[in-house]
Amino acid sequence: MSQTKIIKQSFQVNFNFDLIFSSHVFHQDNSCLLNVLSVDAITKSKAIIIVDQEVVTAHKTLKKDIKDYFEAYKERIELCGPILEIVGGEESKNDESFIKTILQQINDYGIDRHSYVIGIGGGAVLDAVGFAAAVAHRGVRLIRIPTTVLSQNDSGIGVKNGINYFKKKNFAGSFAVPYAVINDDEFLTTLDDRDWRSGISEAIKVALIKDYDFFNWIENHVEALNSRDKRVMNELIYRCADLHMKHIQNSGDAFEQGSSRPLDFGHWAAHKLEQLTQYELRHGEAVAIGIALDSTYAHLKGYLGQPELNRILDCILNLGFHISHHKLNKDIIKGLEEFREHLGGKLTIMLLESLGSGIEVYEMDKDLVLLSIEFMNTYSSQNSRK
């Protein structure tokens with residue numbers, strides 16, 4: 001009988017990146033991007049840039065500003081090829097031709113593992129660009145410049161990239177740590193009200209499971225957020241981003257090898273609802289409904305008191321979100337199994353036992369989910385803003 005031999009392998013890798021908060025990144029007197037591109041450069045740093053078409057439309061001089069910026073510092077950095085524009089929103093993740101176009105640009109201009117791919121746009125575009133950067137040469141350096149509230153406080157600052165496949169959100173994806181993320185608050189000024197509001201739901205999410213004081217702060221600043229107070233929004237983004245990044249750092253599971261996903265509170269239903277509405281709902285809008293659903297379920301299950309639930313639902317409604325939708329019906333139940341499959345292992349759902357404190361459960365009573373939807377429909381009709 002042959003003897004079995006085993007060599008055990010174990011090693012650790014440290015990842016570091018900066019989340020930089022700035023304004024007017026492509027003004028020539030702003031050196032933050034230059035510093036990121038050239039911090040460890042031996043020779044001139046090469047970069048390609050992919051930008052969300054909607055951002056180009058909203059910021060008419062953006063492409064010229066980018067070219068002028070690289071021209072001003074041409075001794076140290078080089079813009080390779082034309083600035084690529086790709087369609088914004090989920091379409092950028094649904095059509096794999098965008099990935100092929102980015103990979104072609106990486107190949108054509110010799111972008112290697114010490115060169116840079118710079119993505120400018122909302123979370124969906126950054127997901128697509130990040131996925132292409134992650135698979136090229138097993139990973140080229142990615143710089144994200146998020147342009148929406150949701151991407152600046154959540155999706156653009158994490159370590160995940162992905163595209164939609166088989167009609168499933170983020171079915172194909174990668175864990176790839178960005179080289180740097182630069183939040184430029186000037187991009188927020190042109191958002192429509194839906195995109196301005198949408199990212200606030202991710203702040204509500206992380207506050208509810210991790211930081212009661214932050215949730216209380218959001219409640220107290222509803223009016224300022226609704227009136228698009230830039231200073232208040234900057235603080236919300238900073239505090240939300242800080243909580244997300246600390247979780248990634250301290251959870252012990254940055255690359256999600258286990259089944260626990262605290263930061264996906266409210267997301268099992270949100271992902272399915274996005275699909276059911278053919279992505280007419282923004283991600284943040286679906287997350288707001290998902291938070292409301294899981295909070296209502298937690299109340300009906302006996303975890304969360306009625307006063308706490310009322311505060312959550314009122315906060316969501318007062319910010320202009322909806323908590324009901326005609327596609328929020330029995331079909332949403334299918335999202336539980338799809339979420340379990342996405343997690344791997346056993347179903348793990350984050351619920352609330354109090355404001356600022358989450359509890360994980362490993363099954364959901366489907367009849368109670370449907371009762372929760374009925375409760376939310378009634379609450380919405382009685383309490384929605386006029």
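F321 is buried in this predicted model, and the reason for calling it so is a relative accessible area of 4%, which falls under the limit of 20%. Along the chain, the place of F321 is in the loop between α15 and α16, the latter covering residues 334–343. Leaving aside residues up to four places away in sequence, F321 touches R197, S198, I200, S201, G284, E285, A288 and I316. One of these partners, G284, is 37 residues from F321 in sequence, and the two C-alpha atoms are 9.3 Å apart in space.

Two of the residues touched by F321, namely A288 and I316, also appear in the contact between two helices, where A288, I291, A292, S295, T296 and H299 in α14 meet Q306, L309, I312, L313 and I316 in α15. The axes of α14 and α15, the second of which spans residues 306–318, come within 10 Å and cross at roughly 170 degrees. An angle over 145 degrees counts as roughly antiparallel, and α14 and α15 are therefore described as roughly antiparallel to each other.

The loop between α14 and α15 holds G302, which, with a relative accessible area of 60%, is exposed. Although G302 and E353 are 51 residues apart along the chain, their C-alpha atoms are separated by 8.7 Å.

Helix α14, residues 283–301, also packs against α13, residues 267–276, and here the axes come within 7 Å and cross at roughly 135 degrees. That angle makes α13 oblique to α14, and the crossing of the two helices is right-handed. On the α13 side the contact is made by H267, W268, A269, A270, H271, L273 and E274, while α14 contributes H283, A286, V287, I289, G290, L293 and D294.

From the helices we can turn to the aromatic rings, of which a search of the whole structure finds nine pairs. In one of them, the ring centres of Y165 and F166 are 5.3 Å apart and the planes stand at 85 degrees, so this pair is edge-to-face. F166 also pairs with F171, again edge-to-face, with 5.0 Å from centre to centre and 85 degrees between the planes. How accessible are these residues? Y165, at 30% relative accessibility, counts as partly exposed, and F171, at 43%, likewise counts as partly exposed, whereas F166, at 59%, counts as exposed. The limit that matters for these labels is 50%, since exposed means over that value.

Elsewhere, F26, Y69, F70 and Y73 form one aromatic cluster. A ring can also face a charged side chain, as with Y362, where K346 lies over the face of the ring at 4.4 Å from its centre.

The backbone deserves attention as well. Most residues other than glycine have a negative phi. Against that background, R138 has a positive phi of about 60 degrees although it is not a glycine. R138 lies in the loop between α6, residues 123–135, and β6, residues 141–146, and at 77% relative accessibility R138 counts as exposed. R228 likewise is not a glycine and has a positive phi of about 60 degrees. The place of R228 is in the loop between α11, residues 222–226, and α12, residues 230–250, and with a relative accessible area of 25% R228 is partly exposed.

One further loop residue is G89, found between β4, residues 84–86, and α4, residues 91–94. With a relative accessible area of 34%, G89 is partly exposed. Not counting residues up to four places away in sequence, G89 touches A124 and V125, while its C-alpha atom is separated by 30 Å from that of S372, a residue 283 positions away along the chain.

Note on methods: Residues are numbered from 1 along each chain as its sequence is written. This is a predicted model: local features need pLDDT of at least 70, side-chain atom pairs count only at pLDDT 80 or more; totals for chains, interfaces and linings use all residues. Side-chain values use heavy atoms; hydrogens and water are left out. Rings of Phe, Tyr and Trp (its six-membered ring) pair if their centres lie within 6.5 Å; planes under 30 degrees apart count as stacked, over 60 as edge-to-face and the rest as tilted. Buried means under 20% relative accessible area, exposed over 50%, partly exposed in between (1.4 Å probe, protein chains only). A charge sits over a ring if NZ of Lys or CZ of Arg is within 6 Å of the ring centre and within 35 degrees of the ring normal. Axes are lines fitted to C-alpha atoms, for helices over the stretch in contact, and angles run from 0 to 180 degrees between N-to-C directions. Helices (H or I, at least four residues) and strands (E, at least two) are DSSP runs, numbered from the N terminus. Angles under 35 degrees count as roughly parallel, over 145 as roughly antiparallel, 65 to 115 as roughly perpendicular and the rest as oblique. A crossing is left-handed if the near helix is turned anticlockwise from the far one by less than a right angle, and right-handed if clockwise. Contact means heavy atoms within 4.5 Å.
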